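Load the model in a viewer and keep a selection prompt at hand. The stops below go in order, each with something to select and something to check.

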Amino acid sequence: MNGPPPIDLEALFVALVLAPSTFSRNRFYALYTDPATRRVRRRAALLRSIVRQLVAGADRAGLAPAASGGALLTYDVPSLGLKRTAALDALELAVLRIAVARGKGTLFGPQEAGPQEVAPQEGATAPQGPAAASALPRDLLPEPADTSRIERALARLLPEEAPSGALGSPGQGP
């Protein structure tokens, strides 16, 4: 089989949530025809919709730890009369925390570092002022472990090292 190497689905999921326009249909057509990657795209779209609702001002958002290592997220969207519950695995929870913090315009690092202003997520409007930071419930604030989990996942999208020890250039391939 001379096709492209299989892509890491968890890494693809992270990329599709945090940077959805990275993998366009025209350039990465195979990702849109494979059933496994279609499921990943649907999962990423679902998480992006949760992020949009949380950033837009969902009420009573909270996490309950799950036995599987993830969490159960619940929140209300009063403008829609909606109460939503989503079971998240550990990677989904990490991506959610980072994406919500980006969407709010404030990314919290380690406790002693305090808030840092960042650009809002594409398509999101960030609230201004001190209320933006306080709007996030404590359990939805990113943790240092979230960042390292996401970085490890995204690193699996990098090309393998060539025999000479240098990374292959993006233009190489069959």
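Two rings of Phe, Tyr or Trp count as a pair if their centres lie within 6.5 Å, with the six-membered ring used for Trp. By that criterion, a search of the whole structure returns zero aromatic pairs. The model on screen is predicted.

**Whole chain**

Colour by secondary structure. Six helices and five strands should appear, and reading along the sequence gives the pattern α-α-α-β-β-β-α-β-β-α-α. Of the 174 residues, 35% count as buried. Among contacts with a separation of 6 or more, 54% join residues 24 or more positions apart.

**The three-stranded sheet**

Select 59–65, 71–77 and 82–88, which are β1, β2 and β3. They form an open sheet in the order β1-β2-β3, with antiparallel pairing. Which strands stand at the edges? They are β1 and β3; each has a single partner strand, so one side of each is left without a neighbour in the sheet. On average, neighbouring strands here are turned by 15 degrees against each other, direction ignored.

Now keep β2 and β3 on display. Seven bridges join them in the antiparallel sense. For a reference point across this pair, label Leu-73, which stands opposite Ala-86 in β3.

**Helices on the sheet**

Add 35–55, helix α3, which packs on the sheet and touches β1, β2 and β3. The direction of α3 makes about 130 degrees with that of β3. Then add 90–104, helix α4, which also packs on the sheet with contacts to β1, β2 and β3. For α4, the angle with the direction of β3 is about 125 degrees.

**Along α3**

Hide everything but α3 and check its length. At 1.5 Å a residue, its 21 residues should span 30 Å, and the end C-alpha atoms are 30 Å apart, which agrees.

Next, show the side chains of Thr-37, Val-40, Ala-44, Leu-47, Ser-49, Ile-50, Val-51, Gln-53, Leu-54 and Val-55, the buried residues of α3. Bring the rest of the chain back to see what covers them: the cover includes α1 (9–18), α2 (29–33), β1, β2, β3 and α4.

Arg-43 is worth a separate selection together with Phe-13. Arg-43 lies over the face of the Phe-13 ring, at 4.0 Å from the ring centre.

**Gly-57**

Step past the end of α3 to Gly-57, in the loop between α3 and β1. What is the sign of phi at this residue? Gly-57 takes a positive phi of about 115 degrees. Its relative accessibility is 37%, so Gly-57 counts as partly exposed, the limits for that class being 20% and 50%. Draw a distance from its C-alpha atom to that of Asp-76: 9.1 Å separates them, for residues 19 apart along the chain.

**Thr-74**

Finish in strand β2, at Thr-74. With 26% relative accessibility, Thr-74 counts as partly exposed. Which residues does Thr-74 touch, leaving out those up to four places away in sequence? They are Arg-60, Ala-61, Gly-62, Arg-84 and Thr-85. A last distance to draw is between the C-alpha atoms of Thr-74 and Arg-84, which are 10 residues apart along the chain and separated by 5.6 Å.

Methods
Residues numbered from 1 in each chain as written. Predicted model: local features only at pLDDT ≥ 70, side-chain atom pairs only at ≥ 80, totals over all residues. Heavy atoms only, no water. Pairing = 2+ DSSP bridges. Helix = DSSP H or I, 4+ residues; strand = E, 2+ residues; numbered from the N terminus. Axes fitted to C-alpha atoms, helices over the stretch in contact; angles between N-to-C directions. Contact = heavy atoms within 4.5 Å. Phe/Tyr/Trp six-rings, centres within 6.5 Å; stacked < 30°, edge-to-face > 60°. Lys NZ or Arg CZ within 6 Å of the ring centre and 35° of its normal. Expected span 1.5 Å × (residues − 1). Buried < 20%, exposed > 50% of the residue type's maximum accessible area, 1.4 Å probe, protein only.
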